[in-house]
Amino acid sequence: MTQPPHDEPTASTTDELREQVEQTRAGLGETVEALAAKADVKARAQEKAADAKEQAAMKARGLKEQATVKAGELETKAAELLQQAQDRVPDSVKDKASRTAEHARATTARVGQVWDEKAPEPVRERTAQGARVARENRSALLAAAGVAVVWLAYRHRKR
């Protein structure tokens, strides 16, 4: 058995001695628990992994929010640029564009009819599949088009 530290007074009664023993046991129990926790490498690794996962999720949420804000800003800017471009176009050009668009719709309908009559079935199926994918991803296509418009406008301004 070890001797008590010199800075602690020794017990003068049995009750004091029992109290010191209980305190020593409690202290040893806490020390053993702390050492056991440090020695449990698997649990510590799991805690660190959970912390890292939580931090990554928080970072991902932050980046997603930033991307959403930036996309909104780009959409607004693209709408402004489109409005500016539309404001600069003379009415005569707008009328001609409208007539041309109507003519293009009619021509497209005629071409579609010829396509249905003349194109081989496998080709029609593949083009229908491509059109379906484009419709399903309309938002992504519109976003890409918006980015392209903003990029072109920015590039044009630098010249």
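Below is a chat about a predicted model of a protein chain, covering its helices, a pocket and some salt bridges.

User: Hi! What am I looking at, helices or strands, and how many of each?

Analyst: Hello! This is a predicted model. The protein chain has five helices and zero strands. Read from the N terminus, the order of elements is α-α-α-α-α.

User: Is the chain spread out or a compact globule, and why?

Analyst: The protein chain is more spread out than a compact globule, because its radius of gyration is 38 Å and the globule rule gives 15 Å for 159 residues. Along the principal axes, the C-alpha trace spans about 110 × 45 × 30 Å.

User: What percentage of the residues count as buried, then?

Analyst: Of the 159 residues in the protein chain, 3% count as buried.

User: And what does the accessible surface come to?

Analyst: About 14300 Å² for the protein chain, and 58% of that belongs to carbon and sulfur atoms.

User: Nice. Switching to pockets: what volume does the second largest pocket have?

Analyst: The second largest pocket has a volume of about 290 Å³.

User: Which helices supply at least two residues each to its lining?

Analyst: For the second largest pocket, those are α2 (41–88) and α5 (138–158).

User: Can I get the residues that line the pocket, and which classes are they?

Analyst: Sure! The lining of the second largest pocket consists of Leu81, Leu82, Gln84, Ala85, Arg88, Val149, Leu152, Ala153, His156 and Arg157. Sorted by class, that lining has six nonpolar, two polar and two charged residues.

User: Let me pick Leu82. Where is it found, and is Leu82 buried, exposed or partly exposed?

Analyst: Leu82 is found in helix α2. With a relative accessibility of 49%, Leu82 counts as partly exposed.

User: How many residues separate Leu82 from Glu121 in sequence, and what is the distance in space?

Analyst: Leu82 and Glu121 are 39 residues apart in sequence, and their C-alpha atoms are 40 Å apart in space.

User: New topic: how many salt bridges does the count come to?

Analyst: The count comes to five salt bridges. One of them links Glu22 with Arg25, where the closest N and O atoms are 3.2 Å apart.

User: Where do Glu22 and Arg25 lie?

Analyst: Both Glu22 and Arg25 lie in helix α1 (residues 14–39), three residues apart, or about one turn of the helix.

User: What about exposure for Glu22 and Arg25?

Analyst: Glu22 has a relative accessible area of 45%, so Glu22 is partly exposed. Arg25 comes in at 54% relative accessibility and therefore counts as exposed.

User: Which residue does Lys70 form a salt bridge with?

Analyst: Lys70 forms a salt bridge with Glu73, and the closest N and O atoms are 3.6 Å apart. Lys70 and Glu73 are both in helix α2, three residues apart, which is about one turn of the helix. Lys70 counts as partly exposed at 47% relative accessibility, and Glu73 is partly exposed with a relative accessible area of 44%.

User: One more, please: what is the partner of Arg105, and which helix do they lie in?

Analyst: Arg105 forms a salt bridge with Glu102, the closest N and O atoms being 3.2 Å apart. Arg105 and Glu102 both lie in helix α3 (residues 91–118), with their positions three residues apart in the numbering, about one turn of the helix. Arg105 counts as exposed at 51% relative accessibility, while Glu102, at 45%, counts as partly exposed.

User: Great, thanks!

Analyst: You're welcome!

How values were computed
Residues numbered from 1 in each chain as written. Predicted model: local features only at pLDDT ≥ 70, side-chain atom pairs only at ≥ 80, totals over all residues. Heavy atoms only, no water. 1 Å grid on protein atoms, 1.4 Å probe; cavity = no way out; pocket = protein on both sides within 12 Å on 5 of 7 lines; lining within 4 Å. Points joined across faces, edges and corners; volume = space filled by probe spheres on them. Helix = DSSP H or I, 4+ residues; strand = E, 2+ residues; numbered from the N terminus. Nonpolar A, V, L, I, M, F, W, Y, C, P; charged D, E, K, R; others polar. Salt bridge = Lys/Arg side-chain N within 4 Å of Asp/Glu carboxyl O. Buried < 20%, exposed > 50% of the residue type's maximum accessible area, 1.4 Å probe, protein only. Rg over C-alpha atoms; globule rule 2.2 N^0.38 Å. Areas by Shrake-Rupley, 256 points an atom, 1.4 Å probe, with all protein chains shown as cover.
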